[in-house]
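Please open the structure in your viewer and keep the sequence beside it. The tour below proposes one selection after another and describes what is found at each stop.

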Amino acid sequence: MEAILTADLVTLGPGSLFTSVLATLQFGGVVEALRSTAARVVYVCNSTTQPGQTDGMGAYDHVARLEELLGPGHLDAAIINRSPGLPEDRVARLAADGLRLLDPDDAEIAAIASLGVRPLVDDYSEPPGADRQLWNKQDTLRYDPAKVGAALRDFLQTTKKEGNG
């Protein structure tokens with residue numbers, strides 16, 4: 001709890017929305033610490049749905065569930081992937097595994113912003129590579145750590161410059 005309370009930035013996700021991200025917040029004091037911290041709180045929204053858990057949900061639904069748990073004003077931003085140039089074979093492979101890209105349009109991005117959460121939208125996906133074999137999980141569209149790190153750094157610097165940090 002002390003790390004959350006003294007941090008400049010707290011990131012949540014990506015991960016299984018219900019069984020990882022939201023579940024870890026259920027332990028005593030975590031939500032209260034996130035509500036009390038002066039840190040910027042940023043959700044790294046999943047890039048795809050997860051079969052059996054988030055079927056039919058969009059990026060807005062993911063962000064809204066987290067915002068609902070934390071309460072208004074406690075989630076500062078959400079990193080949201082848009083990968084417009086993905087090869088069709090990669091999209092088809094994901095779909096064959098039951099994964100649907102979370103590719104929000106401008107209206108969905110505006111709806112996220114209307115929650116008071118700043119959408120940080122870009123193509124954060126890593127370059128295509130070989131399919132990975134994962135234990136009991138589908139391989140998904142993964143984030144490029146350098147791109148996400150740069151976005152988080154820029155967000156933190158920008159919010160401090162605006163006098164919010």
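**First stop: two helices side by side**

Select Ala59, Tyr60 and Val63 in H4, and you will find that they meet Glu108, Ala111 and Ile112 in H6, where contact means heavy atoms within 4.5 Å. The axes of H4 and helix H6 (residues 106–114) come within 9 Å and cross at roughly 10°, with axes being lines fitted to C-alpha atoms, for helices over the stretch in contact, and angles running from 0 to 180 degrees between N-to-C directions. That makes H4 roughly parallel to H6, a term for angles under 35 degrees, while those over 145 count as roughly antiparallel, 65 to 115 as roughly perpendicular and the rest as oblique.

Before going on, note that this is a predicted model, in which local features need pLDDT of at least 70 and side-chain atom pairs count only at pLDDT 80 or more, whereas totals for chains, interfaces and linings use all residues. Residues are numbered from 1 along each chain as its sequence is written, and side-chain values use heavy atoms, with hydrogens and water left out.

**The whole chain**

Show the protein chain as a cartoon, and seven helices and four strands appear; here helices (H or I, at least four residues) and strands (E, at least two) are DSSP runs, numbered from the N terminus. Read from the N terminus on, the elements follow the order α-β-α-α-β-α-β-α-α-β-α. Of the 165 residues in the protein chain, 41% count as buried, which is to say under 20% relative accessible area, while exposed is over 50% and partly exposed lies in between (1.4 Å probe, protein chains only).

**The sheet**

Now select the four strands, which form an open sheet in the order S1-S2-S3-S4 with parallel pairing; two strands pair if DSSP finds at least two bridges between them. S1 and strand S4 (118–122) stand at the edges, each with a single partner strand, so one side of each is left without a neighbour in the sheet. From one strand to the next, the twist averages 25°. Helix H4 (residues 59–70) packs on the sheet, where it touches S1, strand S2 (40–44) and S3, and its direction makes about 145° with that of S2.

Follow the pairings across the sheet, beginning with S1 and S2, which pair in the parallel sense over four bridges. Valine 10 has valine 41 in S2 as its bridge partner, and threonine 11 stands opposite valine 42 in S2. Three bridges then join S2 to S3, and here valine 42 stands opposite alanine 77 in S3. Alanine 77 also stands opposite arginine 118 in S4, and five bridges join strand S3 (residues 77–81) to S4.

Colour the side chains of S1 next: Val10 and Leu12 point to one face and are buried, while Leu9 and Thr11 point to the other and are not. What do you find on the faces of S2? Both are covered, with Arg40, Val42 and Val44 on one side and Val41 and Tyr43 on the other, all of them buried.

**The loops around S1**

Select aspartate 8, whose place is in the loop between helix H1 (2–6) and S1. At 48% relative accessibility, aspartate 8 counts as partly exposed. Leaving aside neighbours within four places in sequence, aspartate 8 is in contact with Ala39, Arg40, Leu156 and Lys160. The C-alpha atoms of aspartate 8 and alanine 39 are separated by 4.3 Å, although the two are 31 residues apart along the chain.

Move on to proline 14, in the loop between strand S1 (9–12) and helix H2 (17–24). A cis peptide bond joins glycine 13 to proline 14, with omega about -10°. Serine 16 has its place in the loop between S1 and H2, and at 5% relative accessibility serine 16 counts as buried.

**Last stop: a pair of rings**

Finally, select tyrosine 124 and tyrosine 143, whose ring centres are 6.3 Å apart and whose planes stand at 50°, so the pair is tilted. Rings of Phe, Tyr and Trp (its six-membered ring) pair if their centres lie within 6.5 Å, and planes under 30 degrees apart count as stacked, over 60 as edge-to-face and the rest as tilted. Tyrosine 124 and tyrosine 143 are 19 residues apart, in the loop between S4 and helix H7 (145–161). Are these two residues, tyrosine 124 and tyrosine 143, buried or exposed? Tyrosine 124 is buried, as is tyrosine 143.
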